[in-house]
Amino acid sequence: MVHLVSMPPAEESDPAAGGLRRNATLYLTNDDDSFTTSVYGSRYAGQDLPTTEMPENEMPREVAYRMIKDELSLDGNPILNLASFVTTYMEEEAEKLMTEAFPKNFIDYEEYPQSAEIQNRCVSMIARLFNAPQRDGGAGGAVGTSCVGSSEAIMLAVLAMKRRWKNKRKAEGKSTENPNIIMSSAVQVCWEKATRYFEIEEKLVYCTPERFVIDPEETVNLIDENTIGICAILGTTYTGEYEDVKGVNDLLEKRGIECPIHVDAASGGFVAPFVVPNLQWDFRLKNVVSINVSGHKYGYAYLSPGYSPHNRYYCMCQQLTPFRLVYPGIGWVVFRGAEYLPEELVFNINYLGADQSSFTLNFSKGASQVIGQYYQLIRLGRKGYHAIMSNLTRTADYLSASLEDQGFVIMSKKSGQGLPLVAFRLKDDPNRHYDEFALAHQLRIRGFIVPAYTMAPHTDNLKMLRVVVREDFSRTRCDALIRDIILCTGLLENMDRETVKRQDEMIKKHSVNSRKSQHNHEKFRREKHSLQGKHGKTHAIC
Ligand SMILES: *Cc1c(COP(=O)(O)O)cnc(C)c1O
């Protein structure tokens, strides 16, 4: 036991230390180093990072890298969590392919014709996954394109619907003023952007305290001559429930109304085809004219993930960007046939010598995401996706059942009837002195980030918590979460009202904001046009 020594008692060490401090002469270097030392020995480490004005002089790249990296690590930023998530979860081969493609500008078709070819293969695979009608190639078959995400895909689909409506109205010699679109009040914020940016009136189908998706009857009743289309969501961001696309389609057919449906399958597009293949929501339905899906949500799902103890909590919990499994930046839009995409919106470009048709909002973008998507599609195949989605569905059911046992009210669907997520809330109790947000904050202290939301309008300000089940969320970790939920609820029960409130405020102020940056400009902070501005709906993070 020669190495085992006990620490000297305090009386012996303290006076010496104090004496040292008193007699110390300050001896600090002030060399104008030309960066020969380590990053933290350099003068840059002793200065603030430039914030308002571009600095006069350059700095060494190691320093710039380290300073920015360190700053970001203090942030608790979801993007940062995501970065470590990515390293752990993407197969090295996929990462390598994507890194190698970083310098390629996807739009430069002539220089990178093979990247364009790979995108076309993805469009074809996804269109077939969504049961696009097979016609004799050429002008008749499904068409589609890669996008930066579902948001861009949705903007493009909305533009196409608007233009088709406009052309039809013009041909009939009727007014092309006041187009409208019908959608759920639980839409993702990009739909609100699309309608506002493209000047289309929103006709909302409101949720109720019992129903969190559109009602087909109510939806179809809202149609008038100015309706450009209907949005149906395959997996809302709040409860993950699939909207009844078939119900809407069949009602349209029954009443002989012609109205296009766009399905927002951002998340569900890569889940439903595997878990509930008989559910008719896609091009099997006659009125579905276009579909979008995000590649960076379930589309990139990855088998047999690694596990890093460093991000144990980020992995086991619902993080701030729950659906994303790798680098965000890929979505797809597919049209049933070329006739649903007015040609005025397509630009034939002869870029650097190659003829291409282009339908995008942005011009330049990296080719990496397209290549990453192709990798996942061919690496996993239908069987791989099916295996992952089956596990997710089982775990979500298990978590639902466990939370129900604990007295929570489950708001999401089970058994693959919705996305593999669990949305839940506390039981109604007028005497309860804490809410879902307080529970979320307690869990955050434990390391779990389980977001709380206020539901879409007209739901009596229903609050809820949501856990997105990802592929690494094993039974054991699920149990750990349940234990912590029980622990935190117990803590809250024993806390008085004032303490709960104070703690809530502290967490809101310090944990979810950077001290320095005010996220909102004074001018934009109190906007009143969105569902959040008007009704206090908080958007579910996705
Ligand atoms: C995530 C999401 C979007 C936006 O997709 P991005 O790929 O993030 O642009 C739109 N609709 C739904 C239902 C979503 O879940």
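Mentor: Let's start with a definition: helices (H or I, at least four residues) and strands (E, at least two) are DSSP runs, numbered from the N terminus. With that rule, the protein has 17 helices and 13 strands.

Trainee: Before we go on, what kind of model is this?

Mentor: It is a predicted model, where local features need pLDDT of at least 70 and side-chain atom pairs count only at pLDDT 80 or more, while totals for chains, interfaces and linings use all residues. Residues are numbered from 1 along each chain as its sequence is written.

Trainee: In what order do the four strands of the open sheet lie?

Mentor: The order is β10-β11-β13-β12, with antiparallel pairing. β10 (409-410) and β12 (452-454) are the edge strands: each has a single partner, so one side of each has no neighbour in the sheet.

Trainee: How do you know that β12 and β13 pair?

Mentor: Two strands pair if DSSP finds at least two bridges between them. β12 and β13 (residues 463-468) have three bridges, in the antiparallel sense, so they meet that rule. One place to look is Y453, whose bridge partner in β13 is M464.

Trainee: And how many bridges hold the other pairs, β10 with β11 and β11 with β13?

Mentor: β10 and β11 are joined by two bridges, so the requirement of at least two is met there. V409 stands opposite R425 in β11. Between β11 and β13 there are four bridges, again antiparallel, and L421 has V468 as its bridge partner in β13.

Trainee: Which helix lies across β11, β12 and β13?

Mentor: That is α13 (residues 436-446), running at about 35° to β13. Such angles run from 0 to 180 degrees between N-to-C directions, with axes fitted as lines to C-alpha atoms, for helices over the stretch in contact. Just after α13 comes G447, with a positive phi near 110°.

Trainee: What makes β11 largely enclosed?

Mentor: Here we need the burial scale: a residue is buried if 20 or more other C-beta atoms, placed from the backbone, lie within 10 Å of its own, exposed if 12 or fewer, and partly exposed in between. Five of the five residues of β11 are buried, so the rest of the structure largely encloses this strand. In a regular strand the side chains alternate between the two faces of the sheet. In β11, L421, A423 and R425 are buried on one side, and V422 and F424 on the other. Over the whole protein of 542 residues, 39% count as buried.

Trainee: Why is K297 called buried?

Mentor: K297 has 29 other C-beta atoms within 10 Å, which satisfies "20 or more", so it is buried. Its place is in the loop between β6 (288-294) and α11 (312-316). UniProt, in an unreviewed entry, lists K297 for "modified residue: N6-(pyridoxal phosphate)lysine"; such annotations may be inferred rather than shown by experiment.

Trainee: Are D460 and N461 buried or exposed?

Mentor: D460 has 9 C-beta neighbours inside 10 Å, so it falls under "12 or fewer" and counts as exposed. N461 has 12, which still fits "12 or fewer", so N461 is exposed as well. D460 sits in the loop between β12 and β13, and N461 has its place in that loop too. Neither is a glycine, yet phi is positive: near 55° for D460 and about 50° for N461.

Trainee: How do you know that L159 is buried, and which residues does it touch?

Mentor: L159, in helix α6 (residues 150-171), has 20 other C-beta atoms within 10 Å, which meets the cut-off of "20 or more", so it is buried. Leaving out residues up to four places away in sequence, L159 touches F198 and L345.

Trainee: What is the separation of the C-alpha atoms of L159 and F198?

Mentor: The separation is 7.6 Å, for residues 39 apart along the chain. That value does not decide the matter, because contact is judged on C-beta atoms, placed from the backbone, which must lie within 7 Å.

How values were computed
Contact = placed C-beta atoms within 7 Å.
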